[in-house]
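Reader: I would like to go through this model by way of its strands, helices and domains. Please give the reasoning behind each answer.

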Amino acid sequence: GSLPAESSVRTLLRDVHERYRDLQEGSVADYIPVLAEADPDLFAVSLAEAAGPMHTAGDTSALFTIQSISKAFVLALVTDAIGHESVHEIVGVNNTGLPFNSVIALELNNGSPMNPMVNAGAIATTALMPGRDGAAKFEAIQEGLSAFAGRPLRIDETVLESESASNHRNRGIADLLTSYDRLRIPAQEALDAYTRQCSLLVSSDDLAVMGATLAAGGVNPRTGRRVVSAEVCRDTLAVLASCGMYERSGEWMFEIGLPAKSGVSGGIVAVAPGKGAVGVFSPPLDRAGNSVRGLRTCAYLSRALGLNLFASP
Ligand code: GLN
């Protein structure tokens, strides 16, 4: 199957934006102090087709930090570097059922992070990037995520500083990973590289293009450049399907039926394999940390565009 004609996709995006712009539910994340200053009214929706065309509605020029959505693309880069088997063995691909910053998940499983979408697994995954130290690994991440977006991504220094000064919990997780001998570099270096990857600035358009690159088997529809292999896209999307929306991943799959990843600054990327991807930005979050308008928007578009992977044709 493919997407409907361009004009009807554009109309749908305008409709969904109109429908949820006044929805006042959820609250902006504040555990990273500077994120509390985000404007709760910002709302942007973008859809990038795997075949190239782009559709947008709302505040699509707003930039926000990618946060946990980076985990999906760093997983893709690491899978490309070390392969399917090693990701399975070293990082794990099962849902924890616990919040993203859980320390218990790590302890329960003898120091195995369980999956790359929770902080423990994400920090371990970042440490598996090619590069001799944390700085080199971050450089490879910045370059790789920029290739997914099709333009150079830069760091929001204010958010980086704010998170670096307040991420005691992640520091504890990184130290635990070291105690279980899961990191090959110093915990502080792995943590810094991870915090930097979370501070990269993106727009809803960027998220849509990054997702569409996964939908298109690894070729960026904006640049035509191959970023990762089709096998890597398949593996990444499988992990997003089971773990991308925190402990709400099951409910998300039940309602929307698409692999997706969210982040605490209010972004969501949802991928329709072979077709394209939706990027949404709206800061107010539900209790699990998923954007409220983002969730509704993806549910609406999945239904209206017939994107649910489990629906019979
Ligand atoms: N940088 C954030 C953290 O590690 C990302 C969390 C998220 O988006 N859920 O806490």
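The questions below concern a predicted model and run from the sheet to the domains and then to single residues.

Reader: In what order do the 5 strands of the open sheet stand?

Author: The pairing in this sheet is antiparallel. Strand E2 (54–58) and strand E5 (260–262) have a single partner strand each, so they stand at the edges. Neighbouring strands are turned by 10° against each other on average, direction ignored. The order is E2-E1-E7-E6-E5.

Reader: Over how many bridges do E1 and E2 pair?

Author: Two pairs of residues can be named here: Ser46 stands opposite Thr56 in E2, and Ala44 has Gly58 as its bridge partner. The strands form a hairpin with 4 residues between them, where Gly52 takes a positive phi near 125°. E1 covers residues 44–49, and its antiparallel pairing with E2 comes to 5 bridges.

Reader: How many residues of E2 are buried?

Author: E2 stands at an edge of the sheet, so one side of this strand is left without a neighbour in the sheet. Even so, E2 is mostly covered. The buried residues number 4 of its 5.

Reader: Which helix packs on the sheet and touches E1 and E2?

Author: The direction of this helix makes about 20° with that of E2. Another helix, H13 (residues 292–304), lies across E1, E5, strand E6 (267–272) and strand E7 (276–281), and runs at about 150° to E7. The helix that touches E1 and E2 spans residues 6–20 and is H1.

Reader: Is E7 enclosed or open, and how many of its residues are buried?

Author: Gly276, Val278 and Val280 point one way from E7, while Ala277, Gly279 and Phe281 point the other way. Both sets are buried, so E7 is largely enclosed by the rest of the structure. The count is 6 of the 6 residues.

Reader: Which residue stands opposite Gly276 in E7?

Author: E7 pairs with E1 in the antiparallel sense over 6 bridges, and on that side Leu47 stands opposite Val278. E7 also pairs with E6, again antiparallel and over 6 bridges. E6 and E7 form a hairpin with 3 residues between them, and Gly274 in the turn has a positive phi of about 80°. Opposite Gly276 stands Ala272.

Reader: Where does the largest nonpolar core lie with respect to domain 1 and domain 2?

Author: This core has 97 residues, and among those that touch the most other members are Ile123, Ala190 and Ala270. Helix H2 (residues 69–82) gives the most to the core, with 8 residues. Domain 1 (6–66 + 202–304) and domain 2 (70–198) both give residues to the core, so it lies between them.

Reader: Which residues is Ala190 in contact with, leaving aside its neighbours within four places in sequence?

Author: Ala190 is one of the core residues that touch the most other members. In general, nonpolar side chains in soluble globular proteins tend to be buried together. The contacts of Ala190 are Ile123, Thr126, Ala127, Gly134, Ala174, Leu183 and Ile185.

Reader: Which helix gives the most to the side of domain 1 that touches domain 2?

Author: The C-alpha centres of the two domains lie 21 Å apart, and the contact takes 31 residues from domain 1 and 31 residues from domain 2. H10 and H11 each supply at least two residues of the domain 1 side. With 8 residues, the helix that gives the most is H11.

Reader: What do the buried residues of H11 pack against?

Author: H11 (residues 230–243) reaches 20 Å from its first C-alpha to its last, close to the 20 Å expected. Its buried residues include Val232, Asp235, Leu237 and Cys243. They pack against H2, helix H3 (84–91), helix H10 (204–215), helix H12 (249–255), E5 and E6.

Reader: Does Asp181 count as buried or exposed?

Author: Asp181 is in the loop between helix H8 (168–179) and helix H9 (187–198), and its phi is near 65°, a positive value in a residue other than glycine. Asp181 has 8 C-beta neighbours inside 10 Å, and a residue with 12 or fewer is exposed. Asp181 therefore counts as exposed.

Reader: Is Tyr246 buried or exposed?

Author: Tyr246 has a positive phi near 60° and its place is in the loop between H11 and H12. The limit for burial is 20 or more C-beta atoms within 10 Å. With 25 such neighbours, Tyr246 counts as buried.

Terms used:
Residues are numbered from 1 along each chain as its sequence is written. This is a predicted model: local features need pLDDT of at least 70, side-chain atom pairs count only at pLDDT 80 or more; totals for chains, interfaces and linings use all residues. Two strands pair if DSSP finds at least two bridges between them. Axes are lines fitted to C-alpha atoms, for helices over the stretch in contact, and angles run from 0 to 180 degrees between N-to-C directions. Two residues are in contact if their C-beta atoms, placed from the backbone, lie within 7 Å. A nonpolar core is a set of buried Ala, Val, Leu, Ile, Met, Phe, Trp, Tyr and Cys residues joined through C-beta atoms within 7 Å. Domain bounds come from an automatic or database domain assignment. The expected span of a helix is 1.5 Å times one less than its number of residues.
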